[in-house]
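Reader: Before I rely on any label in this model, I would like to see how each one was reached. Could you take me through the reasoning?

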Amino acid sequence: MATRTAEAAAAAAAMSVAAGDGPGGDSRLDQAATQWLRWDKNPKTLEMVKQIIANNNRVELQKCFGSRMEFGTAGLRAAMGPGFAQMNDLTIIQTTQGLCRYLEKTFSDLKKRGVVIGYDARAHPSSGGGSKRFAQLAATAFISQGVPVYLFSNITPTPFVPYTVSHLNLCAGIMVTASHNPKQDNGYKVYWDNGAQIISPHDKGISQAIEENLEPWTKAWDDSIINNNPLHHDPYSTINNDYFEDLKKYCFHRNIDQSTQLKFVHTSVHGVGHDFVQSAFKAFDFVPPDAVPEQKAPDPEFPTVKYPNPEEGKGVLTLSFALAEKTQAKIILANDPDADRLAVAEQQENGEWKVFSGNEMGALLGWWLFTCWKEKNQDQNALKDLYMLSSTVSSKILRAIALKEGFHFEETLTGFKWMGNRAKQLIDQGKTVLFAFEEAIGYMCCPFVLDKDGVSAAVISAELASFLATKNMSLAQQLKAIYVEYGYHITKASYFICHDQNIIQNLFENLRNYDGKNNYPKTCGKFEVSGIRDLTTGYDSSQPDKKAILPTSKSSQMITFTFANGGVATLRTSGTEPKIKYYAELCVPPGNSDHEQLKKELDELVSAIEEYFFEPEKNKLQPKSE
């Protein structure tokens, strides 16, 4: 491990105290800013900080230097701008230096295998920052230390980075993206050598290594060293070819795809997805989908949408609906800006558009991939090695399908980092992982990418819709058929906004001490609670020893309530936003097909949870604005 210079040590101390870790916060802010002036070589951010100091703007100083961005399992995500609290050239250099040292310590063959770096199209002209610039600086750090770097020469979808790590047997991958966050944000996401996102303890190890390597190395700012360097490789054309060759193995009905009359509209919402979804359709011999012209080209301003997140539903799809009406397309496929998520909408017989939730698409894609697998694998014994995964806040529909069909279903903690790592463990044990999904419109349909992938999900959804069309069935009708066969699973999720950590803490502590000390609620309004799992404390009432099987984390709040009527509700804090989220689901056995009655019952349960568990008036919580 490189030794810290006195200067770097002073900076680390300055930043920790600036974050409120000791006396003299104001002077420490000044120290951190002075440190910045010595290290920053980006003329725009340098000038910005000089101005803040000249104006003695304490609010801006606090915003830029009050704390350091925290490196976690999701890497970094913050606004672009000057200071140690934001994404900029200097913080990218510092982060990459720490990651490089941590990888050197962990992999003896790092200088033989190397790393891959990809980026989206985000840019922030006022601070001179942007995804491509950050990716080049990250490549410079590794190459300056003799580490081979596979740096994409153009924008790519996020799933291409984990694919490249696995495909080329590299030590790690970096994707510079803020996914569907607002335009001013950027992020730095890290994949491990197993092709999945990092999980603990790597985040802590990398974080510590960053603190120990804050001072930019000699060549840190000289990104010309990567030009014509034998350690610099461009994987763009190879990966673009190999990914789509691998994707062809998941095309099960090429003859239907070639001849389908079904028309599709695709939007990449000003992100990276357009070219790659076109290529995916070609790989399946489809006529490529019509692209929404105003949103086709990457644009860091996201000019046509309020939020570049197709999960927000119809607002993001307005232009897609208009184009579909014009071309008479029945299906809309929408990727988020880094193309790892997918939203699907279908025009119903009454002309209305149905936007499927992540849980509904999870049910459809899970059913479809199992149906295709079963056609190719008649041997019943193969079922014992077949797995599907979903996160604990997602619908339990895959569990119901697995129970009836005889394959395995496993639940993981929230986030694809857990599903990707678990999928890799199972694959290494010789198991087949057919599908994984999370309710936040993330799907892993092809295990050659151990993360959510909106490109493969888009073309596989198109094949599913085309197959159903030959049976005169729609996606919505097939979804109903799944519920009739395996039991209705109706979900409702939302959130409250709360900026006060104390209120959030008290809300969850009240639930743990609801009926006197250490007593969880026995009822919620008229609904009887039949089970509790608290993944903050590690308690699970359903286990003989009362200990939860899933990993627990004291740093985040998460309690799941099971109700006697078949309802399940999880309350949890968000890792990236000031939100308390809830996810409710009513699961009933096959045979109970009164959909409207079930929906009414779920609505009543959700209202009771909001009233008795959240207590929004008392806790001054702001509801989600529709």
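**Labels and the values behind them**

Author: An unreviewed UniProt entry carries the annotation "domain: Alpha-D-phosphohexomutase alpha/beta/alpha", which covers residues 69–214, 242–348 and 379–485. The model itself is predicted, and in it the end C-alpha atoms of residues 69–214 lie 13 Å apart, the span being 37% helix and 19% strand. For residues 379–485, the end C-alpha atoms are 22 Å apart, with 47% helix and 20% strand.

Reader: What makes β10 and β13 edge strands?

Author: The open sheet has five strands in the order β10-β9-β11-β12-β13, with mixed pairing. β10 (290–291) and β13 (353–355) each have a single partner strand, so one side of each is left without a neighbour in the sheet.

Reader: Strands count as paired if there are at least two bridges between them; how many bridges join β12 to β13, and in which direction do they run?

Author: Three bridges join β12 (residues 342–347) to β13, and the two strands run antiparallel; since at least two are required, they pair. One of the bridge partnerships is that of A345 with V355 in β13.

Reader: Which strands does helix α14 touch?

Author: Helix α14 (residues 318–327) packs on the sheet and touches β9, β10, β11, β12 and β13, its direction making about 155° with that of β9. Helix α12 (residues 274–283) lies across β9 (264–267), β10 and β11 (331–335), and runs at about 150° to β9.

Reader: How do you know that the length of α7 agrees with what a helix should span?

Author: At 1.5 Å a residue, the 14 residues of α7 (residues 131–144) should span 20 Å, and the end C-alpha atoms are 20 Å apart, which agrees.

Reader: Why is α7 called largely enclosed?

Author: Because 10 of its 14 residues are buried, α7 is largely enclosed by the rest of the structure. Among the buried residues are F134, L137, F142 and I143. After the helix comes G146, with a positive phi near 80°.

Reader: And V147, in the loop between α7 and β5 (149–151): why does V147 count as buried?

Author: The cut-off for buried is under 20% relative accessible area, and V147, at 0%, therefore counts as buried. Beyond residues up to four places away in sequence, V147 touches C100, L110, K111, G114, F142 and L231. L231 is 84 residues from V147 along the chain, yet their C-alpha atoms are separated by 6.8 Å.

Reader: Which residues have the most contacts inside the largest nonpolar core?

Author: They are F65, F142, F435, Y443 and I460, in a core of 181 residues. Apart from it lies another core, of 10 residues, among them F416, L426, A436 and M444. In soluble globular proteins, nonpolar side chains tend to be buried together.

Reader: Why is N56 called partly exposed, whereas S179 is called buried?

Author: Between the cut-offs of 20% and 50% a residue is partly exposed, so N56, at 49%, falls in that class, while S179, at 1%, counts as buried. N56 is in the loop between α3 (43–54) and α4 (58–65), and S179 is in the loop between β6 (172–176) and β7. Phi is positive at N56, near 50°, and also at S179, near 55°.

Reader: Which peptide bond is cis, and what is its omega?

Author: The bond from S200 to P201 is cis, with omega near 10°. P201 is in the loop between β7 (185–191) and α9 (202–211).

Conventions. Residues are numbered from 1 along each chain as its sequence is written. This is a predicted model: local features need pLDDT of at least 70, side-chain atom pairs count only at pLDDT 80 or more; totals for chains, interfaces and linings use all residues. Side-chain values use heavy atoms; hydrogens and water are left out. Helices (H or I, at least four residues) and strands (E, at least two) are DSSP runs, numbered from the N terminus. Contact means heavy atoms within 4.5 Å. Axes are lines fitted to C-alpha atoms, for helices over the stretch in contact, and angles run from 0 to 180 degrees between N-to-C directions. The expected span of a helix is 1.5 Å times one less than its number of residues. Buried means under 20% relative accessible area, exposed over 50%, partly exposed in between (1.4 Å probe, protein chains only). A nonpolar core is a set of buried Ala, Val, Leu, Ile, Met, Phe, Trp, Tyr and Cys residues joined through side-chain atoms within 4.5 Å. UniProt positions are given in the numbering used here, feature names are shortened, and annotations may be inferred rather than shown by experiment.
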